[in-house]
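Let's walk through this one together, one question at a time. Take a look at the picture before we start.

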There are 2 protein chains.
Amino acid sequence: MTASTEPRKVRADARQNLDALLTAARTVFAHSGVDAPAREIATEAGVGVGTLYRHFPNRAELVAAVFTTEIDATAAAAAELLESHPPKEALDLWITRFTRFVATKQGLSAALRSGDPAFDALPALLIGKLGPALTALLDAAAATGDIREDVDPLELLQAVGDLSHRAPSPDGSPNPMVRLLLDGLRTR
Amino acid sequence: MTASTEPRKVRADARQNLDALLTAARTVFAHSGVDAPAREIATEAGVGVGTLYRHFPNRAELVAAVFTTEIDATAAAAAELLESHPPKEALDLWITRFTRFVATKQGLSAALRSGDPAFDALPALLIGKLGPALTALLDAAAATGDIREDVDPLELLQAVGDLSHRAPSPDGSPNPMVRLLLDGLRTR
DNA sequence: CACTATACGGAACATTGTTCCGCTTAAGCA
DNA sequence: TGCTTAAGCGGAACAATGTTCCGTATAGTG
């Protein structure tokens, strides 16, 4: 019953172009930020813009596709950190990691905050994948009484993203304002 | 010696148009946010775009001009609050006020964070006018030992701006994340 | 009242996201 | 292997927007 809607395979060149686009996007984003013109990405991939838009409904979806892997990895790290560290420490470490992720991606933070509907896919992606991860961390840290319990994970996630536009210190610690926020989380 | 470079007065129609532009901009910004197209503002003012651009080198300068008055008022409020309240309380109240200001201006926060060089004039304006005000508040609160001393006023200002995109609660208190940040400021 | 620098309006240009469509070509079939 | 056909392609074209340019109009001055 599963083959009723599969008259043909995906064309090989289509799949190749899709890969080329993802690779090109990764390169261009790293070099020029996520605001890079669609044409630039298409050119780098050696295809026309039309091809880009057949594979992705809009630029935001392309951005989302490029970062999905890393976002998944970040989400997965939450569970690992929880196993190897005390809750509050795991939370701090994970936030630091998240901070680094956002700061590393040129313009990602700006895109997140821009409010531009063109980037709607990004918040949805982050919320969907990282929301549960952060919720687990917050719950664990709240259970030990280290932090307050009235914190909305999504708001915190958004806030940390908002504060992460400045590059983190070379030593890998989050920027001072994120640290302040984490301090505010503690029970007094 | 002061008149050597004043061969003529400013033309009356020029001054009128400038006022019309500022008024129109205020209206349009309130209605459509600071991202409103330049043409829309020019039309509302009943002038051509050329006129807009002779009075302001770019849209950011226009935005800056429109908000200058309110920014000045916000800066002035710092001194007043310091006189009528204990330092830490004054700080909290002023931050709340600043938060409300940013959140009220549709798109101001987005513009601040966008990183778009087109908006460079805005951070400069905020830093120039509000930086000293916040420094005074922080110094006073640090002197009484209520808050830590290692906080960079400019970073904090930027951070609060970053977090103020969500509308404040109806009761006028700042959003939860700003409150968390203010809590992190306290000495333990 | 004439003259001229100032100011004006809006067409024109550049950049970017996105859509459209005629042409190409890979996949399935005989 | 050669045909047929729909999936896929490239890039011209369109729309929105910031900004510049320039021929025309006019306020201020003597």
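**Where the parts meet**

Q: How many residue pairs are in polar contact between domain 1 of chain A and domain 2 of chain A?

A: A polar contact is a pair of N or O atoms within 3.5 Å; within protein, one must be able to donate a hydrogen and the other to accept it, and residues adjacent in sequence count only if both atoms are side-chain atoms. Between domain 1 of chain A and domain 2 of chain A there is one residue pair of that kind, with both residues at pLDDT 80 or more. Keep in mind that this is a predicted model, where local features need pLDDT of at least 70, side-chain atom pairs count only at pLDDT 80 or more, and totals for chains, interfaces and linings use all residues. Residues are numbered from 1 along each chain as its sequence is written, chains are lettered from A and ligands numbered from 1 in the order in which they are written, and side-chain values use heavy atoms, with hydrogens and water left out.

Q: Where are those two domains in chain A?

A: The bounds come from an automatic or database domain assignment. Domain 1 covers 10-55 and domain 2 covers 58-185. Their C-alpha centres lie 27 Å apart.

Q: What area is buried between domain 1 and domain 2 of chain A?

A: The size of an interface is often given as the accessible area lost when the parts come together. Here buried area is the accessible area (1.4 Å probe) that two parts lose on being put together, summed over both. For these two domains of chain A that is about 1,000 Å², and carbon and sulfur atoms give 70% of it. On the domain 1 side, Leu22(A), Phe29(A) and Val34(A) lose the most area, together 46% of what that side buries.

Q: And how many salt bridges are counted between these domains of chain A?

A: Look for a side-chain nitrogen of Lys or Arg within 4 Å of a carboxyl oxygen of Asp or Glu. Between domain 1 and domain 2 of chain A the count is zero.

Q: How many salt bridges does the same rule find across the interface of chain B and chain A?

A: Two. In a salt bridge, the side chains of Arg148(A) and Asp183(B) meet at 3.4 Å, N to O. Chain B and chain A also have four residue pairs in polar contact, both residues at pLDDT 80 or more. The area buried between the two chains is about 2,200 Å², with 56% from carbon and sulfur atoms. In chain B, Arg113(B), Leu180(B) and Arg188(B) lose the most area to chain A, together 30% of what that side buries.

Q: Which residues are closest to DNA strand D?

A: A residue is near a strand if one of its heavy atoms lies within 4 Å of it. By that rule 27 residues surround DNA strand D, and the closest are Arg11(A), Asn17(A), Gly50(A), Thr51(A) and Arg54(A). Of the strand's atoms within 4 Å of the protein, 57% belong to sugar or phosphate and the rest to bases.

Q: What do individual atoms do there?

A: Try the phosphates of strand D: a backbone N or O atom of Gly48(A) lies 3.0 Å from a phosphate oxygen, and an N or O atom in the side chain of His55(A) is 3.5 Å from a phosphate oxygen. For a base, go to Arg11(B), where a polar side-chain atom lies 3.3 Å from a base oxygen of strand D.
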